[in-house]
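Dear colleague,

I am handing over the structure that we talked about, and I would be glad if you looked through it before reading my notes. The notes follow below it.

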2 protein chains.
Amino acid sequence: MSDLKHKILERVKSDLEEIEVALEQNLNPYFDLVSQIAGHILFSGGKRLRPLLMVLSARISGYDGSYDKVFSTIFEYLHAATLLHDDLVDEATLRRGKPVANSIWGNPAAVLVGDFLLARSLAVAAETKLPEVIKVVSNITEHMSQGEIHQLMRKGHLDLTEAEYMEIIEHKTAVLFQGTCCSGALIAGVSPEKTKALSDYGFNLGIAFQMVDDLLDYSSDTTVLGKEVGADLKEGKLTLPVIYSLKSASPRDRTLMENIIKNTNFSVNDFEVLIKMIDKYDGRTYTQSLATQYVRRAKEGLSVFNNSETKETLLMIADYTLSRKF
Amino acid sequence: MSDLKHKILERVKSDLEEIEVALEQNLNPYFDLVSQIAGHILFSGGKRLRPLLMVLSARISGYDGSYDKVFSTIFEYLHAATLLHDDLVDEATLRRGKPVANSIWGNPAAVLVGDFLLARSLAVAAETKLPEVIKVVSNITEHMSQGEIHQLMRKGHLDLTEAEYMEIIEHKTAVLFQGTCCSGALIAGVSPEKTKALSDYGFNLGIAFQMVDDLLDYSSDTTVLGKEVGADLKEGKLTLPVIYSLKSASPRDRTLMENIIKNTNFSVNDFEVLIKMIDKYDGRTYTQSLATQYVRRAKEGLSVFNNSETKETLLMIADYTLSRKF
């Protein structure tokens with residue numbers, strides 16, 4: 001475990017434990033099958049980053065109630081719901097080193113349990129009795145589905161632009177990070193300025209997080225990553241490292257890359273050639289440096305807050321986003 | 001068109017027109033594909049019964065604002081979302097005489113557009129700024145997904161009991177009708193007694209509506225119904241007419257019926273034999289009489305309201321539920 005990760009985990013250990021308890025207690029499924037499927041996606045080594053961000057955002061905003069952990073489940077349920085649906089949409093095989101739920105229980109069950117988790121997320125959101133939080137949650141859901149639809153529509157299209165990529169990751173990832181931080185501020189009732197600062201922190205962090213996620217698809221190995229390396233490309237998803245390199249590649253290299261990408265059954269060897277091409281045109285360096293910029297912006301967003309342990313933790317999480325290996 | 005239907009439509013003509021406009025205006029999809037798929041399910045001859053019930057419930061509760069039509073879209077979007085997901089879950093072929101969305105655009109798009117419609121429903125619910133309404137909507141979603149999961153788990157099981165059937169239709173249908181009527185009362189801010197009365201009206205109407213729906217699967221023909229006759233059974237769904245008859249059938253007749261049901265590819269001839277058996281053991285009469293009881297209860301629920309044109313319309317809708325042909 002990296003040093004930074006270790007330090008963060010030490011600081012948030014008891015928060016994470018309480019989030020875990022809240023996730024179990026708020027689930028309330030009527031049927032064993034729902035418990036099984038929801039449990040498969042919810043309790044399989046997720047990082048709990050989203051609920052943690054809400055808890056920390058509430059704390060830095062001066063929240064002194066006792067419902068932050070309960071409310072933070074909103075964002076883990078929402079996240080789990082979209083994972084269930086996305087694995088089906090993407091025809092993925094592995095998630096966190098385990099077969100995806102729909103491959104075990106079938107598409108119908110995965111769709112319905114995803115709906116159930118989404119409903120749970122809303123039910124908890126309704127418990128906040130804060131229309132702004134509910135608006136945030138419905139907004140996230142809307143953006144995420146549209147982001148996924150956009151991605152689906154552009155699957156396999158080699159002319160996907162960087163601008164489109166940015167729009168997709170905004171919708172499918174950044175808006176959720178933004179919403180979870182913003183909701184922490186909202187339950188604390190902090191000033192609009194600080195609420196905005198936390199929203200911005202979450203948004204920029206989310207963008208960086210997704211960029212690093214997309215990078216990992218080209219750098220990690222399956223055992224560490226818990227899913228197939230190159231899975232994005234096999235699903236026809238072009239992400240920034242490829243998009244950037246394709247744009248600046250010589251016609252000949254571009255054709256070489258395109259031929260590998262078009263054959264979604266590419267070999268390990270092909271994939272290595274592709275990575276060489278990506279590196280030749282700085283696709284990974286560019287993505288990493290852009291992610292670094294977004295992390296810097298995320299951290300800058302917190303400047304309106306006085307120094308505190310919580311602020312430090314949020315800054316450390318931002319830094320960790322860049323160095324994570326899975 | 002039946003006389004009763006004609007009378008109801010005359011009374012609610014302008015409401016239905018305004019609901020239609022609200023449905024279009026609140027949709028706001030970012031992509032053509034979403035418009036197409038959402039439009040396929042939303043604008044294909046739905047009865048708009050759910051939003052209409054909200055509008056009428058608000059009116060009988062003295063609502064004098066101008067957002068009832070907008071808010072009523074919550075329940076049509078929610079309904080459409082579940083239809084998209086259910087058609088995928090059920091592997092249905094036809095809906096309202098048209099191929100189901102997932103057979104045209106594929107499962108991934110149908111799942112995501114369903115999620116989008118669910119999110120739209122919530123976004124409009126959040127606009128009410130009434131936590132109670134939002135709680136109702138999240139409750140409905142939760143119940144519906146669990147009802148569908150229950151049905152999925154018991155698919156093809158010949159020992160499904162009447163009690164289980166009741167539980168399933170409560171969750172998958174009645175809770176939505178209940179919620180739409182209840183929300184009408186909530187936006188009007190009427191007394192808890194009247195809110196409860198409208199909730200009960202909706203709940204009982206929903207039960208009756210689903211029973212008649214299940215009956216139609218054994219009585220109508222494909223052209224009128226807009227979907228395959230006997231489709232429920234082909235999908236392995238046992239509904240009350242069959243459940244009731246199976247229970248009281250002689251061992252020999254029961255075996256005969258079970259053999260037809262187990263073969264989900266049964267012929268038209270087999271289906272006719274099955275209907276004869278159902279009628280021999282009063283499965284349809286029983287279902288119809290139970291639906292009639294629920295309609296009576298629905299109407300009784302409205303006794304706390306003074307007579308008015310709106311009350312009459314709600315009573316007529318309850319009666320119509322029993323006589324509808326599709």
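Chain A is superposed on chain B by a rotation of 180 degrees with 0.0 Å of shift along its axis, at an RMSD of 0.0 Å, where the fit is by least squares on the C-alpha atoms of residues with pLDDT of at least 70 in both copies. That is the relation of a two-fold axis, and the same surface serves both copies, since 100% of the contact residues of chain A recur in chain B.

Please keep in mind that this is a predicted model, in which local features need pLDDT of at least 70 and side-chain atom pairs count only at pLDDT 80 or more, while totals for chains, interfaces and linings use all residues. Residues are numbered from 1 along each chain as its sequence is written, and chains are lettered from A and ligands numbered from 1 in the order in which they are written.

Between the chains, 36 residues of chain A are in contact with 36 residues of chain B (contact: C-beta atoms, placed from the backbone, within 7 Å). Among the elements that give two or more residues to this side of chain A are helix 4 (68–90) and helix 7 (131–153) of chain A (helices are DSSP runs of H or I, at least four residues, numbered from the N terminus).

As for a single residue, Val55(B) lies in helix 3 (residues 49–60) of chain B, and Val55(B) counts as buried because 24 C-beta neighbours lie inside 10 Å (buried: 20 or more other C-beta atoms within 10 Å). Not counting residues up to four places away in sequence, Val55(B) touches several residues, including Asp15(B), Ile19(B) and Gly184(B).

Best wishes

Key: A residue is buried if 20 or more other C-beta atoms lie within 10 Å of its own, exposed if 12 or fewer, and partly exposed in between; C-beta atoms are placed from the backbone. Two residues are in contact if their C-beta atoms, placed from the backbone, lie within 7 Å.
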